[in-house]
Amino acid sequence: MSIITISRGSYSMGKTVAEEVAKKLNYEVISREVLLDACNRFNVPEIKLESAIHDAPGILERYRHSKQSYIAYIRSALVERVVGGNVVYHGLAGHLLLKGLPNVLKVRITADLERRISIVVERDKISPVEAGKLILEDDKQRRKWTHSLYGEDPRDTSLYDLSICIDKLSIQDAVDFICQAAGAKGVQPTERSKQKVKDMAVACRVKADLVDEFPNIGVTSEYGNVLIYTKDKDTTAGKLSRQLNKIRENISGINHLETHGGIEFPSDAV
Amino acid sequence: MEPLTLDMILVMSMIGLAIFLFIVEWVRVDVVAILMMVALPLLHLVTPKEAFVGLSSNAVVSIIAVIIIGAGLDRTGMINKLVAPVLRIAGESSSRIIIAISLTVAIISSFMQNIGAAALFLPAIQRISKMQKIPLSRLLMPIGFSAILGGTITLVGCSPLILLNDLLAPFNLEPFGLFDVTPIGLALVASGIACFVLLGRFILPQGDDKEVGQADPDQPEPGGDLTEFYELKTPDDFIDYRDPVFVEDLRRRYLLNVVAITEPPDYHVTSPQPDMEVRSGIELVVCGQKKDVLRMVSVEGMHLKDDLETYKESLSAQTAGSVEAVVAPRSPFAGKSLKDINFQDRFRVTPLSVYRQEETYRAKIDDLVIQVGDVVNLHGTWKRLMALQKEGGLLFSLPTDLEEMRPEKALWAGFWLTTALVMIMGFKIQLSVSLMTGALGMILTQVLTIDEAYQSVDWRTIFLLAGLIPLGIATQKTGAAAWIAHTILNIVGDVSPIALLTVIGILSTLFTLVISNVGATVLLVPLVVNMALAAHVDPRMAALVVGLATSNSFMLPTHQVNALYMGPGHYRTVDFIKAGALVSVVFLVVMIAMISLVYGV
């Protein structure tokens, strides 16, 4: 019933590791499906979601907030996928999108640069110099992305439970380590952790429904008691309360809905 | 006209800075005042002595004495004593109740700080609302406005008027007497009350007439009148094979407040602490909405009883109940979260919900940081609630309030107040000396202790006043006030005295809405006196208009009194705009009319 996220540098063989782990543990493996779910549910072209989760927000986007909306959609789709547990998610920022959930094993897979370059050279038939540039640029974009949205550096190992470099360790070694870690007591689901995932799914859904009109809100849910935090009370209150009735009807699992205006967001707000 | 000098430009920039800081509120208003106190001597715009002269000014000492006298009146329980006879005279009609209470508040407020009088009366008004079944929203605004208007009845009623004589001193103008403003003040109070009595139904939000305090489970009253109690029993296997369930969990999961619970084998706990565990086969009483109770019953397998059984006695209306406690100005609870205050542990009462600016908070209220004016719905035994009430910081009424009398203290308090007044009027002794005598008398006759007197003084008010006085001096000394006054008059040309006073009135009203009334007075008085001198209008009248019109703060809930009553009255900003606009216009008209009538401008 655990959830494993595998974050990876580009061409670091994280995908292979994820698939092997899923096979061994008999878990479901998800990656792009989340984007497709989000596209279907929120009627957004896949290309936009893809760029939202890959490229760092530009200057204009800081004002348009469209990237925030797309990420809220993706997050909502992802959390809904993992509610049942027994999944391996490999894709960008899984560990950040599922931040706050207690029973998630967060893994980082990297590989040494030489090896990554050789993979790209072989795959794309380009020179090693070009391949190196491509990889470094890609890494830079991802760093910028996580930094601009979450203020974190993806290379920071404290974000992960396990960080494995495929160099001296083989893919199979990595798979073994991860499977062993997945059996650890700390990542086993409890009543509370299961409830937490359910609550996060509700909160993410509410946020996704509101984010277009109210980009600066925070949402928490605790046992279906949903709290919407707004920074500024007066400007949004009226518009927001009109939306809330719709939300109450559309989203299942809400017992109570309340807005807290002009209050500092709690750290677990999505 | 004098040419513009560097000093004048510096003073005007300091005024601009002060106004800017008052509006944006990056720092508190009193800190702005202290900034002025320090910056002006550094810029050589006033001498170091002048910079701190405010602290020893007649106005500041008078305010300290007025605050102590107010605290003394508060300690006597005189307010509770006043309410019963006032209500007897008023009878049943709600208009007459509004008139009677408003007049009483206005008169008290004329010798106290407005906010002090307003806070003092709030529990009494809550009780009247319950007793006479009049919605609080119909009572609070007229009474709050009367508290502000009452400040214009005497020269010690509000800070701007107390300041007035100090601000007139540099011009060698004759100071005002304590009761010089009384006819104008009384007319203002009367017109304010008349607005609400005659037009109340159009300008006041109409609270519904259903019985106040009656809970309706589907449509909770704003303020969270969720006084529905349900007794439940946990099954015998409640704690088997599961994570322990705590009192706090029931609140977080089902928004139900546990107000009583049995600790095995048979120990009855009222207002249990959040970390108390819910055991098997015990009774508990929760307070909340029926649908949440039913949800809990089905999820947790509890048994819902038809009525209170085990706790019938200990939670009966004679022993326990809930109150709507308003967080008082300068309350020690303000700025703390409910979790930090820990009402359950410290006072054995349970917070049920919090009401703030049109919003009732029921979920995760532990994390809410309490602000002045918030209404916290608390449940507990009357004994515990009384202990909490004695602690201070929260304003609410209890059924036992009427019995709490300290007649000997009331007599002493009345005696010293009268002594102070006789000294001012009969012997023409200076305001600060007379009032301080009254305050000292109350301390000596043990109406309140010296420590209580020190604690009651609001340093914010003191430094706001004292810090802005040098700014007034600098505007006058550098000639900046005269320069601005002449420039404005040159542009406007010749105006009639009435027109000039009206413009000053409007200007003061606008200033007081955005910057504090003290700030507006200090900045405007030197200016308008110069304008009046140049336009050959009585400068004392121009200053008086400022002193009075800075109390014309009704249109926004920025005045302390309005901010305090907004929560318990469940008012919205638009309610203040609606009623306040009318009262403000009436205020200006009546003030100008009375000044021309009394002083013959």
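This section describes the sheet of chain A, the contact between chains A and B, the main nonpolar core and two residues of unusual backbone conformation.

The model is predicted, so that local features require a pLDDT of at least 70 and side-chain atom pairs count only at pLDDT 80 or more, while totals for chains, interfaces and linings use all residues. Residues are numbered from 1 along each chain as its sequence is written, and chains are lettered from A in the order in which they are written.

In chain A, five strands form an open sheet with parallel pairing, in the order β2-β3-β1-β4-β5. The edges are occupied by β2 (28-30) and β5 (162-166) of chain A, each of which has a single partner strand, so one side of each is left without a neighbour in the sheet. From one strand to the next, the twist averages 20°. Strands (DSSP runs of E, at least two residues) and helices (runs of H or I, at least four residues) are numbered from the N terminus, and two strands pair if DSSP finds at least two bridges between them. For the twist, axes are lines fitted to C-alpha atoms, and angles run from 0 to 180 degrees between N-to-C directions. Strand β1 (residues 3-8) of chain A pairs with β3(A) over four bridges in the parallel sense; Ile3(A) stands opposite Val87(A) in β3(A).

Between the chains, 12 residues of chain B are in contact with 14 residues of chain A, contact being defined by C-beta atoms, placed from the backbone, that lie within 7 Å. On the side of chain B that touches chain A, α11 (247-254) and β8 (359-361) of chain B are the elements that give two or more residues. By class, this side of chain B has three nonpolar, one polar and eight charged residues. Here Ala, Val, Leu, Ile, Met, Phe, Trp, Tyr, Cys and Pro count as nonpolar, Asp, Glu, Lys and Arg as charged, and the others, Gly among them, as polar.

The largest nonpolar core (buried Ala, Val, Leu, Ile, Met, Phe, Trp, Tyr and Cys residues joined through C-beta atoms within 7 Å) has 254 residues. Those with the most contacts inside this core are Val286(B), Val528(B), Ala542(B) and Val545(B). Helix α4 (residues 58-75) of chain B gives the most to the core, with twelve residues. Beyond its neighbours within four places in sequence, Val528(B) is in contact with Ile504(B), Ala542(B), Ala543(B) and Val546(B).

Asn86(A), although not a glycine, has a positive phi of about 55°. Asn86(A) lies in the loop between α5 (66-82) and β3 (87-90) of chain A. Asn342(B), likewise not a glycine, has a positive phi of about 55°. Asn86(A) counts as partly exposed, with 16 C-beta neighbours inside 10 Å; a residue is buried if 20 or more other C-beta atoms lie within 10 Å of its own, exposed if 12 or fewer, and partly exposed in between.

Notes: Contact = placed C-beta atoms within 7 Å.
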